[in-house]
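Q: Please take a close look at the charged side chains of this structure, with attention to where they lie and how they pair. A connected account in formal terms would be welcome.
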Amino acid sequence: MKRSVALLLAICLAMGMAACSRSPRQNTEGPAEAFTRDFFAMNTYISLTAYGEEADTALEQAQERIQELEGLWSVTDENSDIFRINQNSGQSVTVSGETARIVSFALEMAEKTDGALEPTIYPVLAAWGFTTEEHRIPAQEEIDGLLKSVGYRRVSLEGNTVQVEPGMMLDLGAVGKGYASDEAADLLREAGVRSALLDLGGNILLIGSRPDGTPWRLGLRNPFEDGNLGILTASDCAVVTSGSYENYFIGEDGVTYGHILDPVTGHPVRNDLASVTIVAEEGKLCDALSTSLYVMGAEGAEEYWRGHSGFEMILVTQDGQVLITEGLEGQFTLDADMEMRVISR
């Protein structure tokens with residue numbers, strides 16, 4: 001499961017009257033009816049809540065779409081496009097248009113982040129046991145050997161044909177839930193839904209505002225202890241948080257090993273960041289950047305933000321500082337006893 005359960009409290013905070021329901025019920029703050037669908041897909045728990053008469057059928061279609069995409073992109077499903085690519089490494093494999101588009105996006109973001117996002121890191125991740133929960137500390141020789149089969153530039157994509165070099169494996173875990181949230185949101189909007197909160201394992205996508213017209217209120221988890229870091233108010237955007245505190249193990253050496261790996265070293269990331277929250281229009285961009293900027297560290301993340309538009313971020317450092325970009329100033333209220341600094345261009 002990906003790390004972004006950091007927004008686990010978001011549903012209850014954002015939608016106090018309906019978000020934790022398991023069945024449709026009337027919204028007591030207005031005429032809009034709330035419908036919720038909860039299910040397990042993409043290796044995480046998903047909760048989709050939408051408002052309005054058209055929401056129930058639209059949510060069913062959104063769930064079917066997410067499950068359809070899971071069937072295309074699963075690393076372990078023998079019928080998936082990704083499984084076929086990995087099992088036929090060294091050969092060209094024809095895939096669906098959806099798979100070709102997400103592979104293209106993953107490769108684009110890998111290039112833009114200079115490999116901090118690495119869609120071919122799966123064999124190394126598996127060696128650490130993060131794909132099976134059978135955690136272990138691989139020998140350096142094993143890691144070095146696996147890293148020889150890591151490198152997004154060696155993935156070939158031409159139209160709907162994908163090929164990886166022999167021994168390589170493709171994994172879309174760093175962008176899949178974000179991409180799926182965008183697809184689900186598109187279906188809801190096309191059906192006329194104007195207010196919804198989609199939670200794909202902590203990857204949050206907001207359609208419009210709350211039914212009463214006020215912004216959603218998202219509780220960002222404190223990476224150091226139970227409770228909230230603060231409250232983010234937002235509308236019509238995606239919010240994704242990354243941090244190794246959600247998926248980790250403690251080795252026999254007493255060291256804590258998180259699941260986000262540095263593609264250069266093949267080891268869990270160890271830098272000055274405790275968490276990264278990205279706010280942008282699209283879930284797929286938030287998903288990709290939350291991971292890659294976490295890998296970069298605070299200085300690298302700040303530099304990247306200053307050089308690229310289209311997103312805002314909240315960084316929490318290991319020494320307890322909260323760094324927030326200027327576009328979110330006024331939207332974030334810090335609850336924790338930490339120092340907050342605004343990053344400007």
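A: Asp 114 counts as exposed, because its relative accessibility of 62% lies above the 50% cut-off for that class. In this predicted model, Asp 114 occupies the loop between α4 and α5 (122-127). The backbone of Asp 114 has a positive phi of about 55°, although the residue is not a glycine. As a general matter, most residues other than glycine have a negative phi. A second aspartate, Asp 236, likewise has a positive phi, here of about 50°, and is not a glycine. Asp 236 belongs to the loop between β10 (228-234) and β11 (238-242). With a relative accessible area of 43%, Asp 236 is partly exposed, since that class spans the values between 20% and 50%.

Another loop aspartate is Asp 337, placed between β17 (332-334) and β18. Its relative accessibility is 82%, so Asp 337 is classed as exposed. Asp 337 and Leu 229 are separated by 108 residues in sequence, yet their C-alpha atoms are 8.6 Å apart in space.

Negative charge also gathers on the surface. A patch is formed there by Asp 272, Glu 299, Glu 303, Asp 319 and Glu 339. Membership of such a patch requires over 30% relative accessible area and no salt bridge. For Asp 272, the relative accessibility is 37%, which makes this residue partly exposed and places it over the 30% needed for a patch. Asp 272 is located in the loop between β13 (256-258) and β14 (273-280).

Other charged side chains are paired. Side chains of opposite charge can pair when their charged atoms come close. With a limit of 4 Å between a side-chain nitrogen of Lys or Arg and a carboxyl oxygen of Asp or Glu, the count of salt bridges is 12. Three of these pairs are followed here.

The pair Glu 68 and Arg 65 forms a salt bridge whose closest N and O atoms are 3.1 Å apart. Both residues belong to helix α2 (residues 55-73); they are three residues apart, which means a separation of about one helical turn. Their accessibilities fall in separate classes: Arg 65 is buried at 13%, whereas Glu 68 is partly exposed with a relative accessible area of 41%. The pair is also part of a wider arrangement, as Arg 65, Glu 68, Glu 98 and Glu 183 are linked in a network of salt bridges.

Next comes the salt bridge between Glu 111 and Arg 153, in which the closest N and O atoms are 3.8 Å apart. This pair links distant parts of the chain, 42 residues apart: Glu 111 is in helix α4 (residues 97-112), and Arg 153 is in the loop between α6 (140-147) and β5 (155-158). Arg 153 is exposed, with a relative accessible area of 59%, while Glu 111 is partly exposed at 45%.

Arg 341 and Glu 302 also meet through their side chains in a salt bridge, with an N to O distance of 3.1 Å. Arg 341 lies in strand β18 (residues 339-343) and Glu 302 in helix α8 (residues 283-307), so this pair ties together parts that are 39 residues apart in sequence. Glu 302 counts as buried, at 11% relative accessibility, but Arg 341 is partly exposed, with a relative accessible area of 34%.

A further contact across the sequence concerns an uncharged residue. Gly 176 is found in helix α7 (residues 176-190) and counts as buried, at 7% relative accessibility. The C-alpha atoms of Gly 176 and Ile 66 are separated by 9.8 Å, although the two residues are 110 residues apart along the chain.

The setting for these details is the chain as a whole. Eight helices and 18 strands make up its secondary structure elements. For 345 residues, a compact globule would have a radius of gyration near 20 Å, and the value for the protein chain, 20 Å, agrees with this. Taken along the principal axes, the C-alpha atoms fill a box of roughly 60 × 45 × 40 Å. Of the 345 residues in the protein chain, 57% are buried; Arg 65 and Glu 302 are charged residues in the buried class, while Asp 114 and Asp 337 are exposed.

Note on methods
Residues numbered from 1 in each chain as written. Predicted model: local features only at pLDDT ≥ 70, side-chain atom pairs only at ≥ 80, totals over all residues. Heavy atoms only, no water. Patch = residues over 30% accessible without salt bridge, like charges linked within 9 Å, V, L, I, M, F, W, Y side chains within 5 Å. Areas by Shrake-Rupley, 256 points an atom, 1.4 Å probe, with all protein chains shown as cover. Lys, Arg positive; Asp, Glu negative; His and termini not counted. Charge placed at Lys NZ, Arg CZ, Asp CG, Glu CD. Helix = DSSP H or I, 4+ residues; strand = E, 2+ residues; numbered from the N terminus. Buried < 20%, exposed > 50% of the residue type's maximum accessible area, 1.4 Å probe, protein only. Rg over C-alpha atoms; globule rule 2.2 N^0.38 Å.
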